[in-house]
Amino acid sequence: MNEIGTLYVVATPIGNLGDITQRALTTLQQVDAIAAEDTRHSVGLLRHFGISKPLLAVHEHNEQQSAQGLIKRLLAGESIALITDAGTPAVSDPGAVVVQAVRQAGVKIVPVPGASAVITALSAAGITQSGFYFDGFLPASGSQRRKRLQALKVIPSTLVFYEAPHRIVECVQDLHDTLGGSRQLTLARELTKTFETIHTCLLTEAVDWLNADTNQQRGEFVLLVHPEVLEKVEGLDEETLRILQRLLQELPLKQAVALATDITGQKKNELYEAALALKAANPN
C-alpha cells in the first residue's frame, strides 16, 4: 500500500519574484504536482525558476470538486503543492476549501510561509497600536459594504481590507462616511511592484488624494484604517474613554454619559466633560 502523500500550502511572491523563499523553491521542485489558482499565471512563475511540474487548476469556481480529485491523488501517495496567483493560499484567495477537505481526509498538511500583502502593508504603515482585524474584500454592493463597515465599527483595532482598483474610490468614501473622517487611513498599492505606493492620510482627505492623480487608483490595494486615537482626559483611563466614545457613536450625549456612568462607575460630571471633549475632537 502506498504511503499517503502531503499537501504543501506554499506562499509565492505578491509581486517581486525575488521574495520567493528557498524552502518554497525546494518544495515546488520536489512535489509530484502543483495545484494553482490560474495555471496560465503560474506557469510563468515556474518557468522563471526552471520548474516543470504537472499543473492542476484549483480556483474559486471548482474548488470543492477539485478538492476531491486532490485527495485521491494524495491518498495514492502523491505530494502536491497548493499555490495561488500571489501570496499565501486561503487568505482571501482560493485554498481554504481544499485545505479543510484534505485535513478532514486525514492527509498531512504542511504550510510553507512567505509573502503576505497584509503583513507587508502593516510592516510599513507605522501603526504603533497593537492588534489588527483582517476582513479581506468588502462586499461589492455599496449598501452591503456600508452595512459590513457599520458592524466592524466597534472593533478598536486596526481594520485591514483588500480592494480592487475599480472600487477603490467608492470604498474609501464609504470608509469615511461610516467610520468618520478623523481616523487615519494607509493606502498600500502595488506592494513590492514597480509602482509601489504607501500613503497615509486622514480619511477625510483620502478621496481627494485618490482623485488628484488617477494613477493612484490603479493596481491592487491593502487598506489599513488606523484605530481611533482617544483624547486623554485627566482622571479617566483608556478603557473608560473607549466605552464612552463607542456609546457616543450610537446615542445622544446625555444618554451615552448616563449609560457610561452605570457601566464604568465613574463620576457623571467627569464623563460629561470627557464626552464634550470627545465630541469636539471627533465631530463625525
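**Exercise 1. Which residues is Val225 in contact with, leaving aside its neighbours within four places in sequence?**

Before the solution, some conventions are needed. This is a predicted model, in which local features need pLDDT of at least 70 and side-chain atom pairs count only at pLDDT 80 or more, while totals for chains, interfaces and linings use all residues. Residues are numbered from 1 along each chain as its sequence is written, and side-chain values use heavy atoms, with hydrogens and water left out.

*Solution.* Step one is to fix the criterion: contact means heavy atoms within 4.5 Å. Step two is to list the partners of Val225, which are Ser157, Thr158, Leu159, Phe161, Leu175, Leu179, Arg183, Gln184, Leu185 and Leu203. Step three is to place Val225 in a wider setting, for which a nonpolar core is defined as a set of buried Ala, Val, Leu, Ile, Met, Phe, Trp, Tyr and Cys residues joined through side-chain atoms within 4.5 Å. Buried here means under 20% relative accessible area, exposed means over 50%, and partly exposed lies in between, with a 1.4 Å probe and protein chains only. The largest such core has 21 residues, and those with the most contacts inside it are Phe161, Val172, Leu175, Leu185, Leu187, Leu223 and Val225. Helix H6 (142-152), E7, helix H7 (168-179), E8, H8 and E10 each give two or more residues to this core, and H7 gives the most, with five residues. Apart from it lies another core, of 18 residues, among them Val9, Leu56, Val58 and Ala67.

**Exercise 2. Work out the strand order of the five-stranded open sheet and describe how its strands are joined.**

*Solution.* Begin with the elements: helices (H or I, at least four residues) and strands (E, at least two) are DSSP runs, numbered from the N terminus. Two strands pair if DSSP finds at least two bridges between them. On that basis the order is E6-E7-E10-E8-E9, with mixed pairing, and the edge strands, each pairing on one side only, are E6 (132-137) and E9 (197-202). From one strand to the next the twist averages 15°, where axes are lines fitted to C-alpha atoms, for helices over the stretch in contact, and angles run from 0 to 180 degrees between N-to-C directions.

Next, take the joins one at a time. Strand E7 (residues 158-163) runs antiparallel to E10 and is joined to it by five bridges, with Glu163 standing opposite Phe221. E8 and E10 are likewise antiparallel, joined by five bridges, and here Leu187 stands opposite Leu223. Six bridges join strand E8 (residues 184-189) to E9, again antiparallel, and Thr186 has Thr200 as its bridge partner in E9. Helix H8 (residues 203-212) packs on the sheet, touching E8, E9 and strand E10 (221-225), and its direction makes about 135° with that of E9.

**Exercise 3. Which residues of E10 point one way, and which the other?**

*Solution.* The principle is that in a regular strand the side chains alternate between the two faces of the sheet. In E10, Phe221, Leu223 and Val225 point one way, whereas Val222 and Leu224 point the other way, and all are buried. E10 is thus mostly covered, with five of its five residues buried.

**Exercise 4. Is Thr197 buried or exposed, and which polar partners does its side chain have?**

*Solution.* Thr197 lies in strand E9 and counts as buried because its relative accessibility is 16%. A polar contact is a pair of N or O atoms within 3.5 Å; within protein, one must be able to donate a hydrogen and the other to accept it, and residues adjacent in sequence count only if both atoms are side-chain atoms. A polar atom of the Thr197 side chain lies 3.2 Å from the backbone oxygen of Phe195, and the Thr197 side chain also makes a polar contact with the side chain of Gln216 (3.4 Å). Leaving aside neighbours within four places in sequence, Thr197 is in contact with Leu187, Ala188, Arg189, Trp209 and Gln216.

**Exercise 5. Identify the buried residues of helix H2 and what they pack against.**

*Solution.* The buried residues of H2 (residues 39-48) are Ser42, Leu45 and Leu46. They lie on the same side of H2 because they cover an arc of only 95° around the axis, the arc being that of the directions from the helix axis to the C-beta atoms. On the other side of H2, Arg40, Arg47 and His48 are exposed. The buried residues pack against helix H1 (22-30), strand E2 (33-36), strand E3 (55-57) and strand E4 (80-83).
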